[in-house]
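Please open the structure in your viewer and keep the sequence beside it, so that each selection can be followed in both. The tour moves from one selection to the next, and at each stop you can compare the text with what is on the screen.

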Amino acid sequence: MDEYEQSWDLAGDAGVLNLTVKNNKIFYDEYPDALARLYSSLTSHGGNYLVASAKPGFEFIGEGSPTHVGGASHGGLHKQDSLVPMIVTGTDSSPKHLRMIDLKDWILTLID
C-alpha cells in the first residue's frame with residue numbers, strides 16, 4: 001500500500017523508481033506517485049508500449065513540439081517535472097493529497 005491508499009504488487013528492483021518499502025508500505029521520493037502514473041500510461045491504450053521518462057533537466061522533443069529550457073518535460077516522472085507551485089487564498093482547506101488528480105474534487109468543494 002502506498003501513501004495514496006493504492007495497493008500494488010511489486011516485482012523487480014524498486015530502486016529504479018527510488019521507492020522505499022517498509023512493513024508493506026511504499027514510500028515515493030524522486031518520482032511522486034510513480035506506480036499509478038506508469039500504470040495509467042501502460043493501460044491507457046491497447047497494445048504494447050515502452051514508457052520512457054527524461055532525465056531531470058532534459059526533455060524529449062519532436063517536430064512541432066515546444067522546448068522548455070532546463071527541462072519541464074511533459075509527462076516526466078521526476079518530481080522536478082511533476083510538482084508545480086500553486087497559491088490558493090480564501091480557504092483553510094486543502095486537497096487530500098497534492099496530486100493533480102486530487103485537485104478537481106477539492107476545487108469543486110471550494111465553489112459549492
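Which residues are exposed on the other side of α3? Select I101, K104, D105 and I111, and you will have the exposed residues of that side of the helix. Please keep in mind throughout that you are looking at a predicted model.

**The whole chain**

Before going further into the helix, show the whole protein as a cartoon, in which three helices and two strands can be found, following one another along the sequence in the pattern β-β-α-α-α. If you turn the C-alpha trace to look along its principal axes, its span is about 45 × 40 × 30 Å. Now switch on the surface, whose accessible area comes to about 8,500 Å², with 55% of this belonging to carbon and sulfur atoms. Of the 112 residues, 25% count as buried. Among the contacts with a separation of 6 or more, 36% are accounted for by residues 24 or more positions apart. If you colour the charged side chains, you will find 8 positive and 15 negative ones, and the centres of these two sets lie 4 Å apart.

**Helix α3**

Return to α3, and select its buried residues, which are D102, L103 and W106. Seen down the axis of the helix, these buried residues fall within an arc of 105 degrees, and so they line one face of α3. Why might residues that are not next to each other in a helix share a direction? An α-helix has 3.6 residues a turn, so residues three or four places apart point the same way. The length of this helix can be checked as well, because 12 residues at 1.5 Å a residue should span 16 Å, and the end C-alpha atoms of α3 are 17 Å apart, which agrees.

**The loop before α3**

Next, select S94, which is placed in the loop between α2 (79-82) and α3 (100-111). Is S94 buried or exposed? With a relative accessibility of 54%, S94 counts as exposed, since the cut-off for that word is over 50%. Add L110 to the selection and draw a distance between the two C-alpha atoms: S94 and L110 are 16 residues apart along the chain, and their C-alpha atoms are separated by 9.6 Å.

R99 is also found in the loop between α2 and α3, but its relative accessibility is 14%, so R99 counts as buried. When the neighbours within four places in sequence are left aside, R99 is in contact with Y4, Q6 and D33.

**The segment before β1**

D33 leads to the next stop, because D33 is also among the residues touched by D2, which is placed in the segment before β1. Select D2 together with W8, K25, I26, Y28 and D33, the residues that D2 touches when those up to four places away in sequence are not counted. The relative accessibility of D2 is 0%, and D2 therefore counts as buried. For a contrast in distance, select F60, which is 58 residues from D2 along the chain, with 29 Å between the two C-alpha atoms.

E5 is placed in the segment before β1 (20-22) too, and at 55% relative accessibility E5 counts as exposed. Look at its backbone, where phi is near 65 degrees, a positive value in a residue other than glycine. Most residues other than glycine have a negative phi.

**From the strands to the other helices**

Move on to N24, in the loop between β1 and β2, where phi is near 60 degrees and is again positive in a residue other than glycine. N24 is exposed, with a relative accessible area of 68%.

Now select helix α1, residues 34-43, in which A34, L35 and A36 are buried. What covers the buried residues of α1? Show β2 (25-27), which is included in that cover.

For the last stop, select Q80 in helix α2, which at 43% relative accessibility counts as partly exposed. Draw one more distance, from Q80 to I26: these residues are 54 apart in sequence and 20 Å apart in space, C-alpha to C-alpha.

Technical notes: Residues numbered from 1 in each chain as written. Predicted model: local features only at pLDDT ≥ 70, side-chain atom pairs only at ≥ 80, totals over all residues. Heavy atoms only, no water. Helix = DSSP H or I, 4+ residues; strand = E, 2+ residues; numbered from the N terminus. Buried < 20%, exposed > 50% of the residue type's maximum accessible area, 1.4 Å probe, protein only. Contact = heavy atoms within 4.5 Å. Areas by Shrake-Rupley, 256 points an atom, 1.4 Å probe, with all protein chains shown as cover. Lys, Arg positive; Asp, Glu negative; His and termini not counted. Charge placed at Lys NZ, Arg CZ, Asp CG, Glu CD. Expected span 1.5 Å × (residues − 1). Arc of directions from axis to C-beta.
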